[in-house]
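Me: I would like a close look at a single part of this model, taken together with the elements around it. Please work outward from one residue and keep the account connected.

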Amino acid sequence: MEEDRRAALVRITGRVQGVCFRAWTRDEAQRLGLTGWVRNERDGSVTALIAGPETAVDTMLHRFWEGPPGASVSTVASEDAPSIHAPAGFQITR
């Protein structure tokens with residue numbers, strides 16, 4: 001039986017730019033078998049689209065609260081998103 005798939009659009013705020021948050025997100029997402037993308041926003045936040053097995057998405061949502069060394073996460077806000085918008089693989093975008 002195939003596990004349920006889920007996609008989430010996530011906005012992370014705090015000290016999340018200049019601390020390798022995008023590269024960390026890509027690496028963690030790939031470890032979990034997720035697809036999607038991550039990018040910095042002009043307001044200093046980071047936005048990510050993550051898609052994959054529901055348990056992996058849930059795990060990544062919890063990991064966002066930790067972030068890489070040097071990060072200080074204030075909020076992790078997520079909303080369900082259509083998984084058809086997730087690319088194959090995981091990309092850092094601008």
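Where is S45 found?

Reply: In this predicted model, S45 is found in the loop that lies between β2 (35–40) and β3 (46–53). Although S45 belongs to a loop, it is buried, because its relative accessible area is 2%, and the cut-off for that class is under 20%. Leaving aside residues up to four places away in sequence, S45 touches R11, I12, T13, V16, Q17, R39 and N40.

The side chain of S45 also makes polar contacts, one of them with the side chain of D43 at 2.6 Å and another with the side chain of R11 at 3.5 Å. These two partners are themselves joined, since D43 forms a salt bridge with R11 in which the closest N and O atoms are 2.7 Å apart. Because D43 lies in the loop between β2 and β3 while R11 lies in strand β1, that pair ties together parts that are 32 residues apart in sequence. The two ends of the salt bridge fall into separate accessibility classes: D43 counts as exposed, at 53% relative accessibility, whereas R11 is partly exposed, with a relative accessible area of 39%. The picture around S45 is therefore that of a buried residue, at 2%, whose side chain makes polar contacts with R11 and with D43.

The strands on either side of this loop are part of a wider arrangement. Five strands form an open sheet in the order β4-β1-β3-β2-β5, with mixed pairing. At the edges stand β4 (72–80) and β5 (90–92), each of which has a single partner strand, so one side of each is left without a neighbour in the sheet. From one strand to the next, the twist averages 20 degrees. Strands of a sheet can pair in a parallel or an antiparallel way, through backbone hydrogen bonds. Here β2 and β3 run antiparallel and are joined by 6 bridges, and G36 stands opposite I50 in β3.

Helices pack on this sheet as well. Helix α1 lies across β1, β2, β3, β4 and β5, and it runs at about 175 degrees to β5. Helix α2 (residues 54–64) also packs on the sheet, where it touches β1, β3 and β4, and its direction makes about 155 degrees with that of β3.

A second place to look is F21, which lies in helix α1. The C-alpha atoms of F21 and V46 are separated by 8.0 Å, although the two residues are 25 apart along the chain. F21 is buried, because its relative accessible area is 1%, and its contacts beyond four places in sequence are I12, V16, V46, F64, G67, P68, A71 and V73. I12 and V16 appear here and also among the residues that S45 touches.

Aromatic rings meet at this point too, and the model holds 3 aromatic pairs. In the pair of F21 and W24, the ring centres are 5.4 Å apart and the planes stand at 55 degrees, so the pair is tilted. F21 and W24 are separated by about one helical turn, because they are 3 residues apart in helix α1 (residues 21–32). Both F21 and W24 are buried, and together with F64 they form one aromatic cluster.

Just before the helix, C20 lies in the loop between β1 (5–15) and α1. Most residues other than glycine have a negative phi. The phi of C20, by contrast, is positive, near 65 degrees. C20 is exposed, with a relative accessible area of 59%.

To complete the surroundings, the salt bridge of D43 and R11 can be set beside others, as the structure holds 7 salt bridges. Another of them joins the side chains of R26 and D27 at 3.3 Å, N to O; R26 is partly exposed at 27% relative accessibility, and D27 is partly exposed with a relative accessible area of 31%. The side chains of E28 and R63 meet in a further salt bridge, at 2.8 Å from N to O. This pair links distant parts of the chain, with E28 in helix α1 and R63 in helix α2, 35 residues apart. E28 is buried, with a relative accessible area of 12%, while R63 counts as partly exposed at 26% relative accessibility. Finally, R6, D58 and D80 are joined into one network by salt bridges that share partners.

Terms used: Residues are numbered from 1 along each chain as its sequence is written. This is a predicted model: local features need pLDDT of at least 70, side-chain atom pairs count only at pLDDT 80 or more; totals for chains, interfaces and linings use all residues. Side-chain values use heavy atoms; hydrogens and water are left out. Rings of Phe, Tyr and Trp (its six-membered ring) pair if their centres lie within 6.5 Å; planes under 30 degrees apart count as stacked, over 60 as edge-to-face and the rest as tilted. Helices (H or I, at least four residues) and strands (E, at least two) are DSSP runs, numbered from the N terminus. Buried means under 20% relative accessible area, exposed over 50%, partly exposed in between (1.4 Å probe, protein chains only). Contact means heavy atoms within 4.5 Å. A polar contact is a pair of N or O atoms within 3.5 Å; within protein, one must be able to donate a hydrogen and the other to accept it, and residues adjacent in sequence count only if both atoms are side-chain atoms. Two strands pair if DSSP finds at least two bridges between them. Axes are lines fitted to C-alpha atoms, for helices over the stretch in contact, and angles run from 0 to 180 degrees between N-to-C directions. A salt bridge is a side-chain nitrogen of Lys or Arg within 4 Å of a carboxyl oxygen of Asp or Glu.
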